[in-house]
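Open the model in your viewer and keep the selection tool at hand. The stops below go from one element to the next.

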Amino acid sequence: MKKNAKDEMDIFQMYYNYEEQLKKVKLYRALAINRGEKEKILTVKINVENDRIHEYLERQEIKNKASFVIPYIQKAVQDAYKRLIMPSIERELRSELTEKADNNAIHIFSENLRSLLLQPPLKGKMILGVDPAYRTGCKLAVIDTMGTMMEIDVIYPHQKFPGEKVSPERRNTAGRKVASAIKKYDIDIVAIGNGTASRETEQFIINVIKFVEKDMDKKVYYVIVNEAGASVYSASELAKKEFPDLAVEERSAVSIARRLQDPLSELVKIDPKSIGVGQYQHDVSQKNLSDSLDFVVETAVNKVGVNVNTASIQLLQYVAGLNKTQATNIVTYREKNGPFKNREEIKNVPRLGDKAYEQAIGFLRVLNSPNPFDKTGIHPESYDLALRLMKELKLSGDDIGNPIIKLKLMNTKLSTLADKLGAGLNTIEDIFDAFVAPLRDPRDDAPLPVLRSDILKLEDLTPGMELRGTVRNVVDFGAFVDCGVKDDGLVHISQLKTGFVKHPLDVVSVGEVVTVWVKDVDLKRHRLQLTMIKENAPFSQT
């Protein structure tokens, strides 16, 4: 630690007297040390055995050991090593270590972002988004099953400043507003942001839900949503254009609800670096990070496909073959002429050339088209092959998506069919998959978010308790899991599974729902240690 340096939060405490062989230094530690040095808290240097190096250099330079100039050569060697050679080698070694650490951090961030973007959407759900706050109140936003904002409101269930007592009237008024919205719009899920006042808002919402459920014939759940980046989006020009009449906090409530309903469509509106699912992302090469994250977003968007009649400019610009100008032109054309009736009509969009159309069209879906292939991932170039395949199997357009096609598949040898039609087996398999599930979303295979109906406190947890949680972040040394308490718990890499784990990403991913057991609770430091190995849980119980 540097003399007179101030590390008020003891963030770098473990590195004050840290020593480790260079080849054994963990990459995330290298980034932490670099940050400590940049903030003028740590002094970093590489220690070597100088005497051995001096002897080696002298053996290279001194050939005549009887010469009277040997003392001068020795001094010259030592001076050259101290002033020139050693600093150069140290810079090279640290640069090499930092480059490896940067690449590793970018890789982790990219994989976490990919998992976050591909979280399963909650389709067909009415959602009430809540952006918690004290002084400015909790903003409410109702969105319908298509993500359209239906209503905006604000409530004041908490103290506006330290020491204030909330009157029963004010709290009851807030409760009635939430209850009214839940009943009026038949809300399925309440999405609560995890920012300031989240804990108090969660308890408040639970009480309201329990009260409302007495008059409803269904269960209402809530989910804590990671609102990282929501404030960045809310203050952006995009948000202002989308919701010109709303305040920043109100836009944030809409974003929180939408990122639960369809994470991909909402998160593409935010700079990936602001989403916060990595480690030391602000310390690495920002250009390399941006390039990697943009590639991840584009891959995720194209893997899922895009409804061309509902997609935003931000979503469309990540479709292969399209840029921001072309995405803007698609939306402008749609607003002027109404929804696209088929894929062929997309060719009429200004400045959308043949090459761009050819590259992008396989990822663009037109769900209301009279051509059943337009709602699938089948490329128009393969439409003729798809028709011949349907004729061969005695199918009609109405059969697409019908379970009868699965029965046909069981009784059909696709390799023989491919040879008969003169097509590749992989192409036939892809077309058949599109016939079976034309609207298939790869995100549907992932488990849905953990829906909660009651609150847990850190004080409620005891070693051995079994919990269900959602992985919020994966780092080199483990994974952070949201189990419904205020602070995410850490599953150390050694507790992810029995046996050797090279990296946590080999076992878990962001958004994954996992079963964990409480290993240790530190109330003073607000730290929760978890394990995913049942036999490692103290007093393990189910």
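In which sense do strand 9 and strand 10 pair, and over how many bridges? Select both strands in this predicted model: strand 9 and strand 10 are antiparallel partners, with four bridges between them. One of the facing pairs is Ala479 and Val491, the latter in strand 10. The two strands form a hairpin, with six residues between them. In that turn, pick Gly484, which has a positive phi of about 95°.

**Strand 9 and its other partner**

Keep strand 9 (residues 478-482) selected and add strand 8 (residues 466-475). These two strands run antiparallel and are joined by five bridges. They too make a hairpin, here with two residues between the strands. At Val475, look across to Gly478 in strand 9, which stands opposite.

Is strand 9 largely enclosed or left open by the rest of the structure? Of its five residues, four are buried, so strand 9 is largely enclosed by the rest of the structure.

**The barrel**

Now extend the selection to strands 8, 9, 10, 12 and 11, which in that order close into a barrel. The pairing in this barrel is mixed. On average, neighbouring strands here are turned by 50° against each other, direction ignored.

For a parallel pair in the barrel, pick strand 10 (residues 489-492) and strand 12 (residues 527-531), which are linked by two bridges. Leu490 has Gln529 of strand 12 as its bridge partner.

**The open sheet**

Move to strands 3, 2, 1, 4 and 5. In that order they make up an open sheet of five strands, and its pairing is mixed. Which strands stand at the edges? The edge positions belong to strand 3 (149-155) and strand 5 (221-225); each has a single partner strand, so one side of each is left without a neighbour in the sheet. From one strand to the next, the twist averages 20°.

Inside this sheet, select strand 1 (residues 127-131) together with strand 2 (residues 138-143). Five bridges connect this antiparallel pair. Among the residues to label are Gly129 and its bridge partner in strand 2, Ala141.

Add helix 4 (residues 168-184), which lies across strand 1, strand 2, strand 3 and strand 4 (189-193). Helix 4 runs at about 165° to strand 3. Then add helix 8 (residues 248-261), which also packs on the sheet and touches strand 1, strand 2, strand 3, strand 4 and strand 5. The direction of helix 8 makes about 50° with that of strand 2.

**Asn309**

Next, centre on Asn309, in the loop between strand 6 (306-307) and helix 11 (313-316). Is Asn309 buried or exposed? Its relative accessible area is 17%, and buried means under 20%, so Asn309 counts as buried.

Show the residues around Asn309: leaving aside those up to four places away in sequence, Asn309 touches Arg334, Pro339, Phe340, Val366 and Asn368. Two of these are worth a distance label. The Asn309 side chain comes to 2.6 Å from the backbone nitrogen of Phe340. The side chains of Asn309 and Asn368 make a polar contact at 3.4 Å.

To relate this stop to the hairpin turn, draw a line from the C-alpha atom of Asn309 to that of Gly484: the separation is 37 Å, and the two residues are 175 residues apart along the chain.

**A helix pair**

Select helix 14 (residues 383-392) and helix 17 (residues 425-436). At what angle do they pack? The angle is about 70°, and the axes are 11 Å apart. The two helices are therefore roughly perpendicular to each other.

For the contact itself, show Leu385, Ala386, Leu389 and Met390 on helix 14, which meet Thr427, Ile428, Ile431 and Phe435 on helix 17. By class, this contact has seven nonpolar residues, one polar and no charged.

**Zooming out**

Finally, clear the selection and view the whole protein, with its 17 helices and twelve strands. The C-alpha trace spans about 100 × 75 × 50 Å along its principal axes. Of the 542 residues, 46% are buried. Among contacts with a separation of 6 or more, 63% are between residues 24 or more positions apart.

Definitions and conventions:
Residues numbered from 1 in each chain as written. Predicted model: local features only at pLDDT ≥ 70, side-chain atom pairs only at ≥ 80, totals over all residues. Heavy atoms only, no water. Axes fitted to C-alpha atoms, helices over the stretch in contact; angles between N-to-C directions. Parallel < 35°, antiparallel > 145°, perpendicular 65-115°, else oblique. Contact = heavy atoms within 4.5 Å. Nonpolar A, V, L, I, M, F, W, Y, C, P; charged D, E, K, R; others polar. Pairing = 2+ DSSP bridges. Buried < 20%, exposed > 50% of the residue type's maximum accessible area, 1.4 Å probe, protein only. Polar contact = N/O pair within 3.5 Å; in protein donor to acceptor, adjacent residues only side chain to side chain.
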